[in-house]
Each structure stands twice: as C-alpha cells, then as structure tokens.
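Please find below my notes on the model you sent. They are set out as numbered points, to be read beside the structure.

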Amino acid sequence: MVAFIEGNVAEKAAGELVLLAYGVGYRLICGANTVMTAPDMGGFMRVYTYMNVREDAMELFGFATREERAMFERLITVSGIGPRTALNILSSMPLTDLTTAIIFGDAQMLARAPGVGKKTAQRIALELKEKLSEADIPAASGGVPTAADAAADAALALQAWGYSASEARAAVNAVRSQSDDAGELIKLALRGISGGG
C-alpha cells in the first residue's frame, strides 16, 4: 500500500495531478481542494494516497492532507458511495464543514455535493455520525485569519447549520476569547449550545 508520494508537480489539471518522483510520473485523481493547494509546475509536494483496485483498472487517489484521506476512506464505507462520489463530496465544501455536517446530521448540507441526493445524504449522516466526534472537526485553514475573521466564519458556519444569526453570534461571542481559530470556535460554540460546558 502506497501511503504517500513526494515529488515535483509535472502536470496539473482539473481533477488530477501528475507527480514526478524518482523518474516515475504518478497520475493521481484529486479533488478540487488538493489541486488548488498544489504548487505550480515543478513545485515539490507530498500527496497522501489511496489505491482503488477494480477488475478493469487501478486508480490512485491523492489528497493534500491525512485528514482528507481519512474522510475519503470513511465516505467510501457508506453503501452506495464510490470513490468518485466521495471525491465530489470532499470537493464540494471545506473539510471542517463536511465533518460538522456529518456529526450533526445535516443532510441538507451534505446533499449540496454533486451526485448526492437527499437519501444518500441521510445515509452518510446516519452511517458516519457515530464514527466521528467534535474532536474530529479540523481547524479551518487558509491564509492568516484575524480573530475577527475567525469569529465571523464560525458564526456563518453555525447559521449554515440552522442556527439563527443571533444564536450563532451569541454562541461564538461567548467563546471567542478562547481561540483565534474558526474551527476551534465552532467546536466550542457547539459545545456551549448543547450544554456541554
């Protein structure tokens, strides 16, 4: 089993990367997040991999982080979710949002992913909810956000999951002094809303 590949980006296109490592070009099927975070041509990167073996083909899927690969591996355990659909789901929203949607059974948010209907979204939430906890919500990434940005992002995320704007702001304001990270603020706010401390 290939855990990861390190090399230089030889080709970069929608849905795939070719990584040159020790004279071998590895074609990796990737989601939008991984392709966007990949460096320009010739840049060095590590890609975490998952090999899918079928009767008629072998496919190598690539992920920018271990967390993305772990979520992909969870998604393909759900009946009716194949590797391509799992990749579409990962590409449709940030990993923080996806994890939180599963934990709180937000089928409506999960159904926004291409190729995922209402019943499939409900199945994802039902089958994976018990396998995840608030501790699995990854920190939001990208740039160098300010504390105000993090609080705003956290409040918007809570509104997306059905809380009113006033509820979301109140929950985030109650914990905003504890972290400058949106993902952490979401966890703390949700814990406060649910009475977990």
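The points below go from overall confidence to a helix pair and then to single residues.

1. Confidence. This is a predicted model. Its mean pLDDT is 85, and 90% of the residues reach 70 or more. The stretch to treat separately is residues 140-146, where pLDDT stays under 50. For that stretch the model has 5 contacts beyond four places in sequence.

2. Helix 9, length. Helix 9 covers residues 182-193, which makes 12 residues. At 1.5 Å a residue the expected span is 16 Å, and the end C-alpha atoms are 16 Å apart, so the expected span and the model agree. Just after this helix, Gly-195 has a positive phi of about 80 degrees.

3. Helix 9, burial. Which residues of helix 9 are buried? They are Ala-182, Gly-183, Leu-185, Ile-186, Lys-187, Leu-188, Ala-189 and Leu-190. Lys-187 is thus one of the buried residues of the helix. As background, an α-helix has 3.6 residues a turn, so residues three or four places apart point the same way.

4. Helix 8 against helix 9. Helix 8 (residues 165-175) packs on helix 9 at an angle of about 110 degrees, and the two axes are 8 Å apart. Because angles of 65 to 115 degrees count as roughly perpendicular, helix 8 is roughly perpendicular to helix 9. On the helix 8 side the contact is made by Ala-171, Val-172 and Val-175. On the helix 9 side the partners are Leu-185, Leu-188, Ala-189 and Ile-193. Sorted by type, the residues of this contact are 7 nonpolar, no polar and no charged. Leu-185, Leu-188 and Ala-189 also appear among the buried residues of helix 9.

5. Thr-34. This residue belongs to helix 1, residues 32-37. Is Thr-34 buried or exposed? Its relative accessibility is 2%, so Thr-34 counts as buried. Apart from neighbours within four places in sequence, Thr-34 is in contact with Leu-17, Gly-62, Phe-63, Ala-64 and Glu-68.

6. Met-36. Helix 1 also holds Met-36. Met-36 has a relative accessible area of 64% and is therefore exposed, whereas Thr-34 is buried. Met-36 and Pro-94 are 58 residues apart along the chain, with 12 Å between their C-alpha atoms.

7. Ala-64. Ala-64 sits in the loop between strand 5 (58-63) and helix 2 (66-75). With a relative accessible area of 23%, Ala-64 is partly exposed, since the buried class ends at 20%. Which residues does Ala-64 contact, leaving aside neighbours within four places in sequence? They are Thr-34, Thr-37, Arg-46 and Tyr-48. Phe-4 is 60 residues from Ala-64 in sequence, and their C-alpha atoms are 9.8 Å apart in space.

8. Tyr-22. The loop between strand 2 (16-21) and strand 3 (24-30) contains Tyr-22. Phi of Tyr-22 is near 55 degrees, a positive value in a residue other than glycine. Tyr-22 has 86% relative accessibility and so counts as exposed.

9. Gly-117. Gly-117 lies in the loop between helix 5 (107-110) and helix 6 (118-128). Its relative accessible area is 33%, so Gly-117 is partly exposed. Ala-107 is 10 residues from Gly-117 along the chain, and their C-alpha atoms are separated by 9.2 Å.

Definitions and conventions
Residues are numbered from 1 along each chain as its sequence is written. This is a predicted model: local features need pLDDT of at least 70, side-chain atom pairs count only at pLDDT 80 or more; totals for chains, interfaces and linings use all residues. Side-chain values use heavy atoms; hydrogens and water are left out. Helices (H or I, at least four residues) and strands (E, at least two) are DSSP runs, numbered from the N terminus. The expected span of a helix is 1.5 Å times one less than its number of residues. Buried means under 20% relative accessible area, exposed over 50%, partly exposed in between (1.4 Å probe, protein chains only). Axes are lines fitted to C-alpha atoms, for helices over the stretch in contact, and angles run from 0 to 180 degrees between N-to-C directions. Angles under 35 degrees count as roughly parallel, over 145 as roughly antiparallel, 65 to 115 as roughly perpendicular and the rest as oblique. Contact means heavy atoms within 4.5 Å. Ala, Val, Leu, Ile, Met, Phe, Trp, Tyr, Cys and Pro count as nonpolar, Asp, Glu, Lys and Arg as charged, and the others, Gly among them, as polar. pLDDT is the predictor's confidence in each residue, from 0 to 100.
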